[in-house]
Amino acid sequence: MIEQKKTSKWNRFKQYLLDIFFPRHVKCIFCGGELNERAHNDCCEKCLTNLPFIKNFCARCGEPMSDYSAGVCLRCKRKNYDFVCARSVFEYTNKIVACVHKYKYSGQKFLCEPMAAFLTEYLARWDISPDIVTSVPMFKKKEKARGYNQAKILAEIVAKNFNLPYLDLTIKVKDNPSQTTLHFKERQDNVKDVFDINKAHKAEMSGKTILLIDDVYTTGATASGVSSVLKKNGAKQIYVLTLAHAVINDEI
Ligand SMILES: [Zn+2]
Ligand SMILES: [Zn+2]
């Protein structure tokens, strides 16, 4: 009996170690279920079919829309951005929110890899030809505290998969308050003068088409703020690709 207890304890410990060192290959990243060989991007088949892929969207900002014939959403009819258009793989709901929170706030950096695989699949179908891939920068102190910038990890993997150069084209010079509770106008003011050019790569972006990657798109204020800096410094055009699009119902 004692022997049996010891064995099960040892097995649990072995599983614990496996989970630490090989989490992606052992379990579905969403439900924790066992994966088989056919698993796609570390997801079990059940989770994969239930993921909130965006099918119909605003031609400008990528917001999910039920009425596809509408073309652009109400916000885009009134707002202007410094990027050509934005696209997102998923709606920012349930499983995706949980996953983003895990890699953002719980140090589960390995989740960026399967998420970057979804971005890669999206870009392969998207009819654009970027010259350079970049990401939304983080304020240095914040990046140091987290240990990484998740947007940069996603962007670097995507760039590598397409054999494109990844460059940190901008820097974040101000630690602006979190955007999550702000409305569009406040968000726009909130990102004003927050980003600056990374002088080390300024020359390289001249006349280039840039793909800007971030993990979550909300009002477009952040993506537009970074795009504005890129354009002012000679970039030809900017496309935005994010993992998820948060649908907000504030004033437009
Ligand atoms: Zn699953
Ligand atoms: Zn829109």
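## Meeting K231

Leaving aside residues up to four places away in sequence, K231 touches D82 and I238. The model you are looking at is predicted, so keep that in mind as we explore. K231 has its place in helix α10.

Is K231 buried, exposed or partly exposed? Count the neighbours: 16 other C-beta atoms lie within 10 Å. A buried residue would need 20 or more, and an exposed one would have 12 or fewer, so K231 is partly exposed. Another residue to find is I210: K231 and I210 are 21 residues apart in sequence, yet their C-alpha atoms are 9.7 Å apart in space.

## The helix around it

Helix α10 covers residues 221-232, twelve residues in total. At 1.5 Å a residue, α10 should span 16 Å, and its end C-alpha atoms are indeed 16 Å apart, so the two values agree.

How many of the twelve residues of α10 are buried? Nine are, so the helix is largely enclosed by the rest of the structure. The buried residues of α10 include A221, T222, A223 and S224, and also among them are G225, V226, S227, V229 and L230. After α10 comes G234, which has a positive phi, near 105°.

## A sheet of four strands

Now turn to the open sheet, where four strands are arranged in the order β1-β6-β5-β2 with parallel pairing. Which strands stand at the edges? They are β1 (85-91) and β2 (132-135); each has a single partner strand, so one side of each is left without a neighbour in the sheet. From one strand to the next, the twist averages 20°.

## A closer look at β2

Strand β2 runs parallel to β5 (residues 209-217), and four bridges join the two. Along this pair, T134 stands opposite L212 in β5, while V133 has L211 as its bridge partner.

In a regular strand, side chains alternate between the two faces of the sheet. You can follow this pattern in β2: I132 and T134 point one way, V133 and S135 point the other way, and all are buried.

## Helices against the sheet

Which strands does helix α6 lie across? Helix α6 (residues 112-125) lies across β1, β5 and β6 (237-245), and runs at about 130° to β6. Helix α8 (residues 150-161) also packs on the sheet, where it touches β2, β5 and β6. The direction of α8 makes about 135° with that of β5.

Technical notes. Residues are numbered from 1 along each chain as its sequence is written. Chains are lettered from A and ligands numbered from 1 in the order in which they are written. This is a predicted model: local features need pLDDT of at least 70, side-chain atom pairs count only at pLDDT 80 or more; totals for chains, interfaces and linings use all residues. The expected span of a helix is 1.5 Å times one less than its number of residues. Two strands pair if DSSP finds at least two bridges between them. Axes are lines fitted to C-alpha atoms, for helices over the stretch in contact, and angles run from 0 to 180 degrees between N-to-C directions. Two residues are in contact if their C-beta atoms, placed from the backbone, lie within 7 Å.
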